Amino acid sequence: MNAMTERMIQLGLLVVIVGGWQLGVEAGVIDVFFFPAPFDIMKQIVAWIIDPGFYRHVSITLTETVLGYVIGTALGVAAGVWLGLSRGTYRILDPFIKALNAIPRVVLAPIFVLWLGLGLWSKVALSVTLVFFITFFNAMQGVREVNPVVLANARILGAERSSLLTHVYFPAAASWILSSLRTSVGFAVVGAIIGEYLGASAGLGYLIAQAEGNFDAVGVFAGIMILAMFVLIIDRILDIAEARLIKWSPHSTESPAT
Amino acid sequence: MALAVVKSATTMMSPDKPRPMVSIDSVTMSFGTFIAVQNVDLTVADGEFLAIVGPTGCGKSTILNAIAGLLKPASGTVSIDGAPVHGVQNNIGYLFQQDALLPWKTAFENVELGPMFKGTSAGERREQAMKWLAKVGLKGFEQRYPHQLSGGQRKRVQMAQALITGPKVILMDEPFSALDIHTRHLMQNELLALWQEERRAVVMITHDLEEAIALGDRVVVLAAGPCSHVIDSFPVDLARPRDVAEIKLDPRFMDLYRNIWSSLRGEVEKSYERHD
């Protein structure tokens, strides 16, 4: 099946689902109170997109997401590489890490609000706690799975500890870390949105919470759609970044010469 | 053990013989309570190509890792060019059995690693790396990543990577065992040509007796493990330069093969009995 047909089938599926939904609403089979008409949702999305005030909400959520993502990833990679290299420290800290990771992050939101206020940083903190552990476990695994022969080879060629880090450990962990970056971007958004949802004065989560408060299902659905697009765009940016960073992996370019 | 005593470092120092490059004195390697090799004495002269053969699981590789400083002997000492081995050695070249190239670096970047870690300037190491890649027949493949090269080509890159630093000793752990027979012959000949150009001490481990005789100046037979030790040592007096494929038809080669095999066979059989 070629790419064109696949695209057509995807488009067809979309038309059937959305069209069916719209028809169901118009025929009165679907209750608009719970499932508003797709056409109304689209109108709400367009209304937001052309409203300059809406971009303040987007930019706040984006700032929280990016800050939470960057800080969480940086801490996760640093801690993961460190504990991956030092097994002794890992064994000591292991129960604490497991206990911290076992806490459902949502319950931390009120504490962060208490500590950091209703502003930006309580949301960033929630994002960080979600992102950190994903990156941390992946970075640690990546460092541990370094091929011992490659490591021995680099040491014999004269690599000191710092060169081993930059030439062996980090590149070896890079594919693990990158795969965690894909997973954790969704969590960064979740952290920001939940934070906003539970207490904020702006942001996409706040918009959804407000719509829900008014029993405005159109607003809730439109907010969800905006969020999905938001994550898809970030995901696409990561796709490009990954292709540029990992040039050496077997699936990226041409096949071996024989 | 009488043989081992004769081969000790001091007796090798006669004026007509080159100085010993690697000395292994009553080395025992163990992992916990498991003793891999026991009381091994070996001396490799500068410029000598030593091949070590032995049945599988006899601890051949642990001897190489002791020379490289990757493993510490439980007792005994290893020294390279008179200096005792402590920690990982940087004056050796190690050809591993497995792929040891850094997969995230191109052939060129892999070859320039040794000089780079030693602090050679970028221009100089570029020149060296290009020269070595050309030497192993990989001109034009500099920018390929390991996964874009064939098994033989990866071995060539590894050879260039190990030899570019001008090591005092070259260690090889069944370097060509993963290659098909034709590529193997080709690589063996190329290795011999490179070695002939600039003779270094070589310690090669193999389970392939033909390879050991075709390449080596001396073949040492190890006993079946555990507690493996040197049981025999055969000088290989075949003329150099050699062609690996042709030399196997030489009657002298066949004599050597018969002699060494009669010594090795018993150990191989013992090893099978223990493993079955």
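Let me open with a question: in β8(B), which residue is the bridge partner of Leu50(B)? I will come back to this once we have looked at the two chains, and I should say at the outset that what we have in front of us is a predicted model.

Let us begin with chain A as a whole. Chain A has 10 helices and 0 strands, and if you read along the sequence you simply meet one helix after another, in the pattern α-α-α-α-α-α-α-α-α-α. Its radius of gyration is 23 Å, whereas the globule rule gives 18 Å for 258 residues, so chain A is more spread out than a compact globule. Taken along the principal axes, the C-alpha atoms of chain A fill a box of roughly 75 × 55 × 30 Å, and 32% of the 258 residues count as buried. If we take the contacts in chain A between residues at least 6 apart in sequence, 74% of them join residues at least 24 apart.

Now I would like to look at one helix of this chain, α5(A), which covers residues 108-116. Which residues of this helix are buried? They are Ala109(A), Phe112(A) and Val113(A), and because they cover an arc of only 105° around the axis, they sit on the same side of α5(A). The face turned away from that buried side carries exposed residues, namely Pro110(A), Ile111(A), Leu114(A) and Trp115(A). As for what lies against the buried residues, they pack against two other helices of chain A, α6 (120-144) and α8 (161-198).

Phe112(A) is a good residue to follow in the viewer. This residue of helix α5 of chain A counts as buried because 22 other C-beta atoms lie within 10 Å. Leaving aside residues up to four places away in sequence, Phe112(A) touches Ser122(A), Ala125(A) and Leu126(A). Take Ala125(A) as an example: it is 13 residues from Phe112(A) along the chain, and the two C-alpha atoms are separated by 6.9 Å. Just after the helix, Gly117(A) takes a positive phi of about 85°.

Let me turn to the place where the two chains meet. Here 20 residues of chain A are in contact with 23 residues of chain B. On the chain A side, the elements that give two or more residues are α7 (148-156) and α8, and α7(A) gives the most, with 7 residues. The residues on this side of chain A divide into 13 nonpolar, 5 polar and 2 charged.

Chain B is built from both kinds of element, with 9 helices and 10 strands. Its radius of gyration is 19 Å, which agrees with the value near 19 Å for a compact globule of 276 residues. The C-alpha trace of chain B spans about 55 × 45 × 45 Å along its principal axes, and buried residues make up 44% of the chain.

Among the strands of chain B there is an open sheet of 4 strands, with the order β2-β1-β4-β5 and antiparallel pairing. Why do β2 (34-45) and β5 (83-84) each have one side without a neighbour in the sheet? They stand at the edges, and each has a single partner strand, so nothing in the sheet lies on the other side. For β2(B), we can describe the pairing with β1 (residues 20-31), which is antiparallel and runs over 8 bridges; within it, Pro20(B) has Ala45(B) in β2(B) as its bridge partner.

This brings us to strand β8(B), residues 201-206, where 6 of its 6 residues are buried. Both of its faces are covered, with Ala201(B), Val203(B) and Ile205(B) buried on one side and Val202(B), Met204(B) and Thr206(B) buried on the other. Strand β3(B), residues 49-53, pairs with β8(B) in the parallel sense over 5 bridges, and here is the reply to my opening question: the bridge partner of Leu50(B) is Val203(B). Strand β7(B), residues 169-173, also pairs with β8(B) in the parallel sense over 5 bridges, and Leu171(B) has Val203(B) as its bridge partner in β8(B). To get from β7(B) to β8(B), the chain passes through helix α7 of chain B, residues 181-197, in a β-α-β crossover that is right-handed.

Notes:
Residues are numbered from 1 along each chain as its sequence is written. Chains are lettered from A and ligands numbered from 1 in the order in which they are written. This is a predicted model: local features need pLDDT of at least 70, side-chain atom pairs count only at pLDDT 80 or more; totals for chains, interfaces and linings use all residues. A residue is buried if 20 or more other C-beta atoms lie within 10 Å of its own, exposed if 12 or fewer, and partly exposed in between; C-beta atoms are placed from the backbone. The arc is that of the directions from the helix axis to the C-beta atoms. Two residues are in contact if their C-beta atoms, placed from the backbone, lie within 7 Å. The radius of gyration is taken over C-alpha atoms; the globule rule is 2.2 Å times the number of residues to the power 0.38. Ala, Val, Leu, Ile, Met, Phe, Trp, Tyr, Cys and Pro count as nonpolar, Asp, Glu, Lys and Arg as charged, and the others, Gly among them, as polar. Two strands pair if DSSP finds at least two bridges between them. A crossover is right-handed if, with the strands pointing away from the viewer, the path from the first strand over the helix to the second runs clockwise.
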